[in-house]
Amino acid sequence: MSKIKSFFKSFCNHVKYYYKQLDLHFKYAINRYLLVIISVLITGLSLYARFSVSLYPTNDVEGIIFSWIRNIQEVGFKKFYTIDADYSYFLLFIYAIISIMPVSSTVTVGSQTFVASWMYMIKGINFVNDILLAVGVGLIIYHITKNKLKGFIGYWIVMCLPVQLFDSAIWGNCDSLYVMLFAYTILLILKKKDGFAWLLFGFTLGTKLQSVFILPLLVFLTLSNKMKFYKSVLIIPGLFITFLPTWICGCSFTLPFKYFTTELERFPSLTLGCANFWHLVGVNDHYLDIVNKGSTVIGLLLIGIFMAVLFVRKIKLDDSALMKLSIFLISIVPFFLPHMHERYFFALDVFVVIYALIDKKRFNYILILLMQVSSGIAYYHYLNGYYFIHSMGEDSVHIASFINLFVLSYIFIDLLKCEQGKSHLEEADDIEKELISLEENHKAEVLEK
C-alpha cells in the first residue's frame, strides 16, 4: 500500500513539475512574443475582413481589368502587350499570368456575373501590398524612434485603416502598391542607401505613373545633398526591370515607354473627384478649357514655391524632419496638380500614421481620423453617390478639400518650426574652403612628382 502511495505521490509531483514548466514556457512565449502574436491576429482578422468582401464587383475591376484579361486570353499570353489598355505593361504582365491560371466557376453578385478566382487573385495581390506597406510603415517608425512598440502599433493601425481596406478589398485598386514602394524608398533614404532608393524609384516609375508624387522629394533631397545625383542613373535599370517581361515576349524597345503618354492623355478633366486645390477653387465650367491649359503650370508653380520656402528655410534634416518633409512634399503633388483622382491622397492617409507616432504631440493622432473622414467622403461620393451631407450633394467633397488643406497646412507649419541647419552662405563658405583645400593638395601632389 505504501508503495502505491509513494508511486502516486511521485507521479503527482512529476505532473505538477511538467505543468508548471509548461505554464512558465507559455507565459514566457506570451510575454516574449506578445507583439508578434497580436500582429498575427490583427493580420489574420484584417485579411479575413478583406477576403469576405472581395467578391464585391466595381467597374474598375469587373468592367475594365476583367475585360483586359479576356482580351489577353484572345490574343495569347505572349501578346499581352498588344491589347488596348492604359496600365503599365508590368501590371498587364501580372494580369497575363492571371489569364492562364486555372479558372473557377462564375458567380453572380447583383446584376454582374464574373469569374470568382480572378477577383480573388487581383484583390489578393492588393492584400499582399497592404501587408508590405504596413511593414514598411512599422520599419520607418522603428528606425526613427528606436521604439519597437511604436513600430508595431504603426503596423496595426495601417492594417486596420477602413478607407485603405475599402480601396483594396471593395474597390479593387492597387494604390497600396505605389505607396508601399514610396515607404521603402523613404526607408532606404533614411538608412542612407540612396543608390537603392533611386533604383526603387525607377521600378516604381515603370509600375505606376503616380510615382511622380515622390519626385519633388527626390529633387529636394538631391539639392540638399542628402542624395547623390550621379546615383540617379540607377533609375534606368530600375525602370528596365519593369520592361523586361514585355521585351522578353517580343515587343519593340520603345513600346513600353508608350504607357507614360497614354496615361497622361486619358483624363482631361480638371479634377476627378479629388479633394484638392482645384476642387476647392470650384472653377466655373464655362471657363474650364481655359483654366485646363494652364492648370499644370499653375500646379507646378505652387509646388515649386513651397519647395523653395522649405529649401531657403534650411531645415536640419534629421530622420524625423526628413520624414515630415517626405509626407508634405509627396502630398502637395495631388493637392496642387490637376487631373487627380479621389484616391490620390492614399499616401497621406497612411503616412499621417507615421507622422503621429514619431512625434509626442497628441493632437497628431487626430490627423489620422481627419484623413479617414476626408478620403471616405471622396471615395463614397464616386462609388455610391453617397454624400457626407446629402443636401450639399457633390459639394460635400469641399469638406474633404478643406480637411486636406488643414492637414497639409499643419504639417507645413510644423516643418517651419524644425531646427535649422547651416545657412546657404555658411555652406557656400564650407564649399569654398573645400575647393581651396582640394586645389592646394593637387598642387602639392604635382610638386612631389
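C418 is buried in this predicted model, with a relative accessible area of 14%, which is under the 20% cut-off. Another cysteine, C249, also counts as buried, at 16% relative accessibility. What about disulfides? The count comes to 0. For C249, the nearest cysteine sulfur belongs to C251 and sits 8.2 Å away, so with a cut-off of 2.5 Å C249 is in no disulfide.

Now step back to the whole chain. It has 19 helices and 4 strands, and 47% of its 449 residues count as buried. Take the contacts with a separation of 6 or more: 76% of them are between residues 24 or more positions apart. The largest nonpolar core has 118 residues, and Y95 and F351 are the ones with the most contacts inside it. In soluble globular proteins, nonpolar side chains tend to be buried together. If you click on F351 and skip its neighbours within four places in sequence, you'll find it in contact with V179, F182, A183, I186, M323, I327 and I330.

F182 is a handy stepping stone, since Q210 touches it too, along with Y178, R343 and Y344, again not counting residues up to four places away in sequence. Q210 is found in the loop between α9 (194–207) and α10 (215–223). Is this loop residue buried or exposed? Q210 is buried, with a relative accessible area of just 5%. Its C-alpha atom is separated by 8.9 Å from that of V179, with the two positions 31 residues apart along the chain.

Carry on along the chain from Q210 and you walk into α10. The buried residues of that helix are P216, L217, L218, F220, L221 and T222. An α-helix has 3.6 residues a turn, so residues three or four places apart point the same way. Just after α10, N225 takes a positive phi of about 65°.

There's another positive phi to look at, in the hairpin of β1 and β2: G110 takes one near 65°, and the hairpin has 2 residues between its strands. Strand β1 covers residues 106–109 and β2 covers 112–115; they run antiparallel and are joined by 4 bridges. Within that pairing, V109 stands opposite Q112.

For a loop with contacts from far along the sequence, try V53, which lies between α2 (34–52) and α3 (59–75). V53 is partly exposed, with a relative accessible area of 28%. Its contacts, leaving out residues up to four places away in sequence, are K123, A169 and I170. V53 and A169 are 116 residues apart in sequence, yet 6.4 Å apart in space, C-alpha to C-alpha.

Next, the aromatics. The structure holds 35 aromatic pairs. Take F253 and F257: their ring centres are 5.9 Å apart and their planes are at 50°, so the pair is tilted. Both partners are partly exposed, F253 at 48% relative accessibility and F257 at 30%. F277 and F336 form another tilted pair, at 5.8 Å centre to centre and 55° between the planes. Here F277 lies in helix α13 and F336 in helix α15 (residues 319–336), so this pair ties together parts that are 59 residues apart in sequence. F277 is partly exposed, with a relative accessible area of 23%, whereas F336 is buried at 8%. Zoom out a little and both belong to one aromatic cluster, together with W278, F306, F328, F335, F345 and F412.

That cluster leads us to the last stop, N276. The place of N276 is in the loop between β3 (271–272) and α13 (277–281). N276 counts as buried because its relative accessibility is 0%. What does its side chain reach? The backbone nitrogen of W278, at 3.3 Å. Beyond its neighbours within four places in sequence, N276 is in contact with T271, P334, F335, L337, M340, F345 and S401. Two of those names, F335 and F345, should ring a bell: they are members of the aromatic cluster, as is W278.

Technical notes:
Residues numbered from 1 in each chain as written. Predicted model: local features only at pLDDT ≥ 70, side-chain atom pairs only at ≥ 80, totals over all residues. Heavy atoms only, no water. Pairing = 2+ DSSP bridges. Buried < 20%, exposed > 50% of the residue type's maximum accessible area, 1.4 Å probe, protein only. Polar contact = N/O pair within 3.5 Å; in protein donor to acceptor, adjacent residues only side chain to side chain. Contact = heavy atoms within 4.5 Å. Core = buried A, V, L, I, M, F, W, Y, C linked by side-chain atoms within 4.5 Å. Phe/Tyr/Trp six-rings, centres within 6.5 Å; stacked < 30°, edge-to-face > 60°.
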